[in-house]
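Colleague: Hello! Could you take a close look at one part of this model with me? I would like to go through the sheet and what packs around it.

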Amino acid sequence: MTESAEQANASATASADGQAAGGNGRTPVLSLRNVCKNFGAVSALTDIELDVHAGEVVALVGDNGAGKSTLVKVLAGVHQPTSGSISFDGKSVRLADPSAALNLGIATVFQDLALCENLDVVANIYLGQEKDPYHLDEVSMEVRAWTLLNELSARIPDVRDVVASLSGGQRQTVAIARSLLLDPKVIMLDEPTAALGVAQTAEVLNLIERVRDRGLGVIMISHNMEDVRAVADRVVVLRLGRNNGVFTPDASNQELVSAITGATDNSVSRRAERQRAAQPVAEEVQA
């Protein structure tokens, strides 16, 4: 086994032990144990274990086909696990459908955001959750929408603007505000910074930190390691439907890439080797 592989395995093992004890002994708000999901003969998830504590951001990373989306759908109540257990606030639960997950306190913001572009911000935040749908209380809905957005320090010019006129970052803000309407304890964000510019990405990352500061547990799926490092408290790697390590944000790119791809010999590890080899030469020249 190469030195880089040993380092990655040691880091993953130590971090996994940290997850088991997670959050300084606190009871996780959401806990998965040996969760499996099969689609016929295909095993999409195998013995998944995951803990999420209040007030922390857990980044879920992995290659395409690693099982991230399936896991999110299991937690959102879209799919039922084939086996394993899910606990919420220390109690075993069954997420029979998306409504059950939402009522329990698990909100999901999918990558497509599911916003209606022809409706204004208030209508999108309350979509499906209107106060008295037979006689809309527009004033209280608008006040509540402004309150949510102000708590998130959102840069929305007017809650009566239609969503079609908003930027990508502002749309993500509206989707997150909608997910907070029922006061959830866990929020899942699927690729929240995908296809956003630099300024909009920074805006969304700031928003994620503010959600964490509200005491919510956040599960963030992302392929962007820099975004992950910016806001995550722990990085959980999935590979081929299985857990493949839990890392801290300061783990090296070499460790993360090795865990995600399963390959210790890659461009990142080779670059690290070249840098280590060049360092003594540079020190001799300076001397």
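To start us off, which residue in β8 does Val57 stand opposite?

Modeller: Happy to! Please keep in mind that this is a predicted model. Val57 stands opposite Val218 in β8. The two strands concerned are β3, residues 57-61, and β8, residues 217-221; they run parallel and are joined by 4 bridges.

Let us step back to the sheet itself. It is an open sheet of 6 strands, and reading across gives the order β6-β7-β8-β3-β9-β10, with mixed pairing. At the edges are β6 (106-109) and β10 (242-247), each of which pairs on one side only. From one strand to the next, the twist averages 20 degrees. Packed on this sheet is α7, which touches β3, β7 (186-190) and β8, and the direction of α7 makes about 150 degrees with that of β8. Another helix, α9 (residues 253-261), lies across β3, β9 (234-239) and β10 and runs at about 30 degrees to β9. So that you can find your way on the screen, β3 is a handy landmark: α7 touches β3, and α9 lies across β3 too.

Now for α7 in more detail. This helix covers residues 198-213, and Thr201 is one of its residues. Thr201 counts as buried because its relative accessible area is 12%, under the 20% cut-off. If we set aside neighbours within four places in sequence, the contacts of Thr201 are Thr193, Leu196 and Asp227.

From here, have a look at Leu152, in the loop between α5 (138-151) and α6 (168-179). Leu152 is buried as well, with a relative accessible area of 0%. Not counting residues up to four places away in sequence, Leu152 touches Ile176, Ala177, Leu180, Leu207, Arg210, Val211 and Arg214. Val211 is a nice one to pick out of that group: Leu152 and Val211 are 59 residues apart in sequence, yet their C-alpha atoms are 7.3 Å apart in space.

Finally, a word on rings. A search of the whole structure turns up 0 aromatic pairs. There is, however, a charge over a ring to look at: the charged end of Lys37 sits over the ring of Phe39, 5.0 Å from the ring's centre.

Terms used. Residues are numbered from 1 along each chain as its sequence is written. This is a predicted model: local features need pLDDT of at least 70, side-chain atom pairs count only at pLDDT 80 or more; totals for chains, interfaces and linings use all residues. Side-chain values use heavy atoms; hydrogens and water are left out. Buried means under 20% relative accessible area, exposed over 50%, partly exposed in between (1.4 Å probe, protein chains only). Contact means heavy atoms within 4.5 Å. Rings of Phe, Tyr and Trp (its six-membered ring) pair if their centres lie within 6.5 Å; planes under 30 degrees apart count as stacked, over 60 as edge-to-face and the rest as tilted. A charge sits over a ring if NZ of Lys or CZ of Arg is within 6 Å of the ring centre and within 35 degrees of the ring normal. Two strands pair if DSSP finds at least two bridges between them. Axes are lines fitted to C-alpha atoms, for helices over the stretch in contact, and angles run from 0 to 180 degrees between N-to-C directions.
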